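Here is a friendly walk through one model, starting from a single residue and widening out to sheets, domains and chains. Keep the sequence and the 3D view open as you read.

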Amino acid sequence: MAIDFITRKPEETYELGRRLGRCLRKGDVLCLEGNLGAGKTLLVSGIAHELGVTDNVTSPTFNLMYTYPTEPPIYHFDLYRLDFPEELEDIGFYEYIGQDGIALIEWADKFSDVLPDDAVWLTITYGKEPDERLFHLEGERVSEWEKELRG
Amino acid sequence: MEEQVKQRGKLILAIETSCDETSVALVEDGRKIRANIISSQVPLHRKYGGVVPEIASRKHIENVLPVLEECLTEAGVTLDDIDGIGVTYGPGLVGALLVGVSAAKALAFSLGVPLIGVHHLEGHIFANFLENEQLEPPFVALVVSGGHTALVHVKDYSTFELLGETRDDAVGEAFDKVARILGLPYPGGPEVERLAKEGDPDAIPFPKALCEKGSFEFSFSGLKSAVLNYHNSKKMKNEEINPADVAASFQSAALDVLVAKTMQAMEVCGVKQLVLAGGVAANTMLREKLTEAAAQKGIAFSYPNKILCTDNAAMIACRAHYLYEEGRFADLHLNGVPSLPLGKR
């Protein structure tokens with residue numbers, strides 16, 4: 001099952017994130033794929049704010065992950081700096097995903113082979129205009145989300 | 001018989017494992033570095049051979065004891081000489097923090113000396129006390145690294161007001177991502193700086209995200225996207241790209257925002273001393289621009305040497321020393337706090 005969206009400016013990407021925040025549940029794993037500047041962190045920021053985070057949601061590229069003490073908790077990963085699947089174990093990755101919280105994983109496509117089969121994948125590509133973004137959401141449950149996501 | 005008197009001041013040993021570096025340092029009386037060992041600067045893990053993950057809690061576990069031993073050897077002291085143990089307990093990667101915190105707790109407990117938990121960014125700011133012996137608060141600190149961009153009003157040794165930080169990407173991250181756009185190797189910050197020297201900073205008018213006046217928040221995600229859009233549109237039109245001009249124009253846009261916001265903060269806080277901290281504090285152009293702006297306003301400006309700009313334990317020991325002086329000790333329940341806020345107690 002897959003759904004596609006287009007956003008035409010960063011504010012719309014953020015809003016899509018907020019809507020996703022209403023759909024995601026405990027144990028969900030959302031894998032984000034998209035080049036630099038696609039809007040991955042912005043989308044995560046929308047999700048996190050929808051779930052009650054009041055602080056800025058910043059890029060975890062350097063820290064590798066941030067956790068937000070929402071209900072359920074959010075685990076925001078960024079695998080940009082990692083190169084080997086063993087490193088996922090070293091950062092405690094598997095202790096977080098699919099457990100008590102929602103895992104949001106930037107640059108997940110670097111490790112697509114070792115991520116859970118039931119993960120939801122969101123692929124972001126550039127549109128024709130500089131600010132246009134195409135979203136392709138794929139996963140077993142995404143059909144249930146369609147109404148909420150289209151608003 | 002003459003009694004033997006200790007000829008040295010208070011000796012704090014500190015451990016830093018919040019991100020990539022494992023570091024152990026010994027600092028005497030808060031300001032004198034006796035040893036400051038950083039794992040990436042010693043060939044510790046070569047003996048493992050093959051592929052060694054560079055970013056890993058496990059790497060900290062492997063490194064922490066050899067780095068500790070190296071530190072004691074270099075300083076020429078034994079564990080019995082130590083008066084207190086400082087450790088970074090946040091913010092950072094939880095698994096990584098726990099390695100340092102566990103080692104520090106074990107040391108403090110077995111030696112019967114106080115344990116002191118240190119905020120990583122406070123450590124970066126305190127690196128300036130190691131560099132500049134005359135430095136005293138109050139001052140404003142600009143903390144810039146791969147993971148942080150923050151303006152902090154340091155009112156005294158224990159009162160910090162976070163004036164603002166980044167809303168999205170840290171400035172160091174923007175440098176690294178622009179390096180990737182330009183096809184430069186990782187870590188990209190120094191590469192962008194090198195290339196920028198050959199380019200024209202006014203060649204491309206990249207946006208300077210100053211946010212609202214009076215706000216000390218930063219935003220570097222838009223600048224990163226602007227560089228990317230410029231790059232992609234030039235490529236699509238088959239037009240030539242001058243990477244040096246892109247690097248110079250990007251660097252200029254990023255640094256101008258930092259300088260402008262910092263000078264606004266100096267004015268609002270009404271202080272005449274500015275310090276720079278964090279990995280991006282090693283950027284020569286940023287140092288030059290701040291030196292110039294500070295001189296114009298009669299502001300004293302100092303920054304740490306390049307080693308003290310990176311993640312290191314000497315800065316943690318320095319911070320721990322001042323917490324020790326105030327009797328602010330942690331107990332053995334100390335835990336790693338991944339998103340430890342600055343300035344809150």
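## A glycine to start from

Gly95(B) has its place in helix H2 (residues 94–111) of chain B; helices (H or I, at least four residues) and strands (E, at least two) are DSSP runs numbered from the N terminus. This is a predicted model, in which local features need pLDDT of at least 70 and side-chain atom pairs count only at pLDDT 80 or more, while totals for chains, interfaces and linings use all residues. Residues are numbered from 1 along each chain as its sequence is written, and chains are lettered from A and ligands numbered from 1 in the order in which they are written.

Is Gly95(B) buried or exposed? Gly95(B) is buried, because 22 other C-beta atoms lie within 10 Å. On the scale used here, a residue is buried with 20 or more other C-beta atoms within 10 Å of its own, exposed with 12 or fewer, and partly exposed in between, with C-beta atoms placed from the backbone. Leaving aside residues up to four places away in sequence, Gly95(B) touches Ile91(A), Gly92(A) and Ser57(B); contact requires C-beta atoms, placed from the backbone, within 7 Å. Ser18(B) is 77 residues away along the chain, yet its C-alpha atom is separated from that of Gly95(B) by 8.7 Å.

## The sheet beside H2(B)

An open sheet of chain B joins five strands in the order E3-E2-E1-E4-E5, with mixed pairing; two strands pair if DSSP finds at least two bridges between them. At its edges are strand E3 (32–38) and strand E5 (115–119) of chain B, each pairing on one side only. Neighbouring strands of this sheet are turned against each other by 20° on average, direction ignored. Axes are lines fitted to C-alpha atoms, for helices over the stretch in contact, and angles run from 0 to 180 degrees between N-to-C directions.

Strand E4 (residues 84–90) of chain B pairs with E5(B) in the parallel sense over five bridges. Ile85(B) stands opposite Leu115(B) in E5(B), and Val118(B) of E5(B) is the bridge partner of Thr88(B). H2(B) packs on this sheet, touching strand E1 (11–16), E4 and E5 of chain B, and its direction makes about 160° with that of E4(B).

How many residues of E5(B) are buried? Five of its five residues are. In a regular strand the side chains alternate between the two faces of the sheet. Both faces of E5(B) are covered, with Leu115(B), Gly117(B) and His119(B) buried on one side and Ile116(B) and Val118(B) buried on the other.

## Helix H3(B) and the second sheet

H3(B) lies across E3, E4 and E5 of chain B, running at about 95° to E5(B). The helix is mostly covered, with 11 of its 12 residues buried; among them are His120(B), Glu122(B), Ile125(B), Phe126(B) and Phe129(B). Its length agrees with expectation, because at 1.5 Å a residue the 12 residues of H3(B) should span 16 Å and the end C-alpha atoms are 17 Å apart. The expected span is 1.5 Å times one less than the number of residues.

H3(B) also lies across strand E6 (139–144), strand E7 (149–156), E8, E9 and E10 of chain B, at about 115° to E9(B). These strands form an open sheet of five in the order E8-E7-E6-E9-E10, with mixed pairing. Strand E8 (159–165) and strand E10 (300–302) of chain B are its edge strands. Strand E9 (residues 273–277) of chain B and E10(B) pair in the parallel sense over three bridges, and Gln273(B) stands opposite Ala300(B). Helix H8 (residues 284–296) of chain B lies across E9 and E10 of chain B, running at about 175° to E9(B).

## Domains and chains

Chain B is divided into domain 1 (11–126 + 309–325) and domain 2 (139–270), with bounds from an automatic or database domain assignment. Six residues of domain 1 of chain B are in contact with nine residues of domain 2 of chain B. On the domain 1 side, the largest share, four residues, comes from helix H3 (residues 120–131) of chain B. The C-alpha centres of the two domains of chain B lie 30 Å apart.

Between the chains, 22 residues of chain A are in contact with 28 residues of chain B. On the chain A side, strand E3 (65–68) and helix H3 (86–90) of chain A each supply at least two residues.

Conventions: Contact = placed C-beta atoms within 7 Å.
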